[in-house]
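Welcome, and please open the model in your viewer. We will go from stop to stop, selecting a few residues each time and looking at what is there.

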Amino acid sequence: MILRSVLVLVLLVGVLFRASQSLRFDLQSGQTKCIAEDIKSNSMTVGKYHVVKPNEDHPLPDSHKLTVRVTSSYGNNFHSAEKVENGQFAFTATEQGDYMACFWAPEHSPPITVTVDFDWRTGVHTKDWTNVAKKGQVDAMELELKNLHDTIQSIHEEMFYLRER
């Protein structure tokens, strides 16, 4: 009986931890918070962030808007935004190593706390490919697939010709 209860509890905790995929953190005005992720070369990366409104009925004040920058360990800039309340980024990592997302809150007197909801996915965990791909990339892929289809078709026809011969 106790073993079964422990097993159910462990299973429930495991399911709940898998469902949690975003990060929420507080950022003091005038401060910076950076989050690093080790990413392999040629891995797809997608990120979304937004400031949690302190009062849903009112628009977000300028004191709660952030500056966000995503860079590689070699200093290459992959995303940059100033005075925003939300945003997203997507890129394919060109080099392996630590990529860092840094959030800056503007100086404010008296000091305030800004709450940020941040979701960063890499590799297989990037699910929403249709929003990431650009039309030019899709058109190029479509053309390549048509070329491959034509090649396969000609090979298929050549095989039938050789069989008949």
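Start by selecting β3 (44-51) and β8 (residues 113-122): these two strands run antiparallel and are joined by seven bridges. Strands here are DSSP runs of E with at least two residues, helices are runs of H or I with at least four, and both are numbered from the N terminus. Two strands count as paired if DSSP finds at least two bridges between them. For one such bridge, show Tyr49, whose partner in β8 is Phe118.

A word on what you are viewing: this is a predicted model, in which local features need pLDDT of at least 70 and side-chain atom pairs count only at pLDDT 80 or more, while totals for chains, interfaces and linings use all residues. Residues are numbered from 1 along each chain as its sequence is written, and side-chain values use heavy atoms, with hydrogens and water left out.

Keep β8 on screen and add β1 (23-28). This pair is antiparallel too, with six bridges. Within it, Arg24 is bridged to Asp117 of β8, and Phe25 has Val116 of β8 as its bridge partner.

Now bring in β6 (86-92) to complete an open sheet of four strands, in the order β1-β8-β3-β6 with antiparallel pairing. Which strands stand at the edges? They are β1 and β6; each has a single partner strand, so one side of each lacks a neighbour in the sheet. The twist from one strand to the next averages 20°, taken between lines fitted to C-alpha atoms, with angles from 0 to 180 degrees between N-to-C directions.

Is β8 enclosed or open to its surroundings? Seven of its 10 residues are buried, so β8 is largely enclosed by the rest of the structure. Buried means under 20% relative accessible area, using a 1.4 Å probe and protein chains only.

For the next stop, select the other four-strand open sheet, β2-β7-β4-β5, where the pairing is antiparallel. Its edge strands, β2 (32-39) and β5 (77-84), each pair on one side only. On average, neighbouring strands here are turned by 10° against each other, direction ignored. Zoom in on β4 (residues 66-72) and β7 (residues 97-104), which run antiparallel and share six bridges. Here Thr71 has Met100 of β7 as its bridge partner.

Next, show the side chains of Tyr49, Leu66, Phe89, Phe103, Phe118 and Trp120. They have the most contacts inside the largest nonpolar core, a group of 24 residues. Such a core is a set of buried Ala, Val, Leu, Ile, Met, Phe, Trp, Tyr and Cys residues joined through side-chain atoms within 4.5 Å. β8 gives the largest share of this core, four residues.

Stay with Phe103 for a moment. Beyond its neighbours within four places in sequence, the residues in contact with Phe103 include Phe25, Ile35, Tyr49, Leu66, Val116 and Phe118. Contact means heavy atoms within 4.5 Å.

Finally, zoom out to the whole chain. It has three helices and eight strands, running α-β-β-β-β-β-β-β-β-α-α from the N terminus on. Of its 165 residues, 27% count as buried. Among contacts between residues at least 6 apart in sequence, 75% join residues at least 24 apart.

Notes
Buried < 20%, exposed > 50% of the residue type's maximum accessible area, 1.4 Å probe, protein only.
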